[in-house]
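Please examine the predicted model below together with its sequence. The questions that follow concern its fold and its side-chain contacts.

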Amino acid sequence: MALTLKINGVEHSVDVDPDTPLLWVLRDVLGMTGTKFGCGMSLCGACTVHMNGNAVRSCVMPVSAMVGAEVTTIEGIGATDVGKRVQEAWLSQQVVQCGYCQSGQIMSASALLASNPNPGDAEIEGAMSGNICRCGTYLRIREAIKVAAKAQPGKAEDAA
Ligand code: FES
Ligand code: FES
């Protein structure tokens, strides 16, 4: 059955079973392999993407639920203001170790900052707690989120 999905601002027609998890469609049908498979059970956050700006787990999300929604993946998040700031902060703080979890971490961090531009430690912990990192980059993730928050437009002028 052909379904139309809007991903990173581009419409794609995919001929798949409506119950297919979005992650499978992204990776196997569309070749967008930036979103990772970890647990497949909504436990690790590796597969996080945005649905209308909210972080969702694509491994358990039927693709049919995405029809009519704006989907953003790690391939497109850098085109948004908040995603660009998060990616730059990730580089400046050298967050990444093996990298496997990091697409999902960046997507969760971007969704957090889009809804809460200046999160405190507890809010960061809460928003990021579903993203597991086997390498233990959690402290650098928290620092990078704070750096990205400080870099928001108008922030320097506000502080002056
Ligand atoms: S692969 Fe989706 S939450 Fe782990
Ligand atoms: S950087 Fe290796 S799992 Fe997070």
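The questions and answers below treat this predicted model, beginning with the sheet.

Q: In what order do the strands of the open sheet lie?
A: The open sheet has 5 strands, and their pairing is mixed. Its edge strands, each pairing on one side only, are β2 (10-15) and β4 (54-57). Neighbouring strands are turned by 40° against each other on average, direction ignored. The order is β2-β1-β5-β3-β4.

Q: Which residue in β4 stands opposite Thr48?
A: Strand β3 (residues 48-51) runs antiparallel to β4, and 4 bridges join the two. Opposite Thr48, in β4, stands Arg57.

Q: What angle does the direction of helix α1 make with that of β1?
A: Helix α1 comprises residues 22-29 and packs on the sheet. The strands touched by helix α1 are β1, β2, β3 and β5. Its direction and that of β1 make an angle of about 85°.

Q: Which strands does helix α3 touch?
A: Helix α3 (residues 102-115) also packs on the sheet. Its direction makes about 35° with that of β3. The strands in contact with helix α3 are β3, β4 and β5.

Q: Which elements give two or more residues to the largest nonpolar core?
A: In soluble globular proteins, nonpolar side chains tend to be buried together. The largest nonpolar core here has 19 residues, of which Val86, Trp90, Leu113 and Ile145 touch the most other members. The elements that supply two or more residues to this core are α2, α3, α4 and α5.

Q: Which residues does Trp90 touch, not counting residues up to four places away in sequence?
A: Trp90 is one of the core residues that touch the most other members. With residues up to four places away in sequence left out, the contacts of Trp90 are Val95, Val96, Gln102, Gln105, Ile106, Ala109, Ile141, Ala144 and Ile145.

Q: How many residues make up the other core, which includes Ile7 and Val56?
A: This core lies apart from the largest one. Its members include Ile7, Val16, Met32 and Val56. The number of residues in it is 15.

Q: Is Thr73 buried or exposed?
A: Thr73 is located in the loop between β5 and α2 (81-92). Beyond residues up to four places away in sequence, Thr73 touches Ile7, Asn8, Leu26, Met32, Thr35, Val49 and Met107. Its relative accessibility is 0%, and the cut-off for a buried residue is under 20%. Thr73 is therefore buried.

Q: With which side chain does the side chain of Thr73 make a polar contact?
A: The contact joins two side chains at 2.6 Å. The partner of Thr73 is Glu75.

Q: How far apart in sequence are the parts that the salt bridge of Lys6 and Glu70 ties together?
A: A search of the whole structure finds 6 salt bridges, and one of them joins the side chains of Lys6 and Glu70 at 3.3 Å, N to O. Lys6 belongs to strand β1 (residues 2-7) and Glu70 to strand β5 (residues 70-72), so the parts tied together by the pair are apart in sequence by 64 residues.

Q: Which helices does the salt bridge of Lys146 and Asp121 tie together?
A: The side chains of Lys146 and Asp121 meet at 2.6 Å, N to O. Lys146 lies in residues 138-150 and Asp121 in residues 121-128, so the pair, 25 residues apart in sequence, ties together helices α5 and α4.

Q: Which residues do salt bridges that share partners join into one network?
A: Glu125 and Arg142 meet in a salt bridge of 2.7 Å, N to O. Glu125 lies in helix α4 and Arg142 in helix α5, so this pair ties together parts that are 17 residues apart in sequence. Through shared partners, the network joins Asp121, Glu125, Arg142 and Lys146.

Q: What is the phi of Asn52?
A: Most residues other than glycine have a negative phi. Asn52, in the loop between β3 and β4, is not a glycine, yet its phi is positive. The value is about 50°.

Q: Is Gln94 buried or exposed?
A: Gln94 is found in the loop between α2 and α3, and its phi is also positive, near 50°. Its relative accessibility is 58%, whereas an exposed residue must have over 50%. Gln94 therefore counts as exposed.

Notes
Residues are numbered from 1 along each chain as its sequence is written. Chains are lettered from A and ligands numbered from 1 in the order in which they are written. This is a predicted model: local features need pLDDT of at least 70, side-chain atom pairs count only at pLDDT 80 or more; totals for chains, interfaces and linings use all residues. Side-chain values use heavy atoms; hydrogens and water are left out. A salt bridge is a side-chain nitrogen of Lys or Arg within 4 Å of a carboxyl oxygen of Asp or Glu. Buried means under 20% relative accessible area, exposed over 50%, partly exposed in between (1.4 Å probe, protein chains only). A polar contact is a pair of N or O atoms within 3.5 Å; within protein, one must be able to donate a hydrogen and the other to accept it, and residues adjacent in sequence count only if both atoms are side-chain atoms. Contact means heavy atoms within 4.5 Å. Two strands pair if DSSP finds at least two bridges between them. Axes are lines fitted to C-alpha atoms, for helices over the stretch in contact, and angles run from 0 to 180 degrees between N-to-C directions. A nonpolar core is a set of buried Ala, Val, Leu, Ile, Met, Phe, Trp, Tyr and Cys residues joined through side-chain atoms within 4.5 Å.
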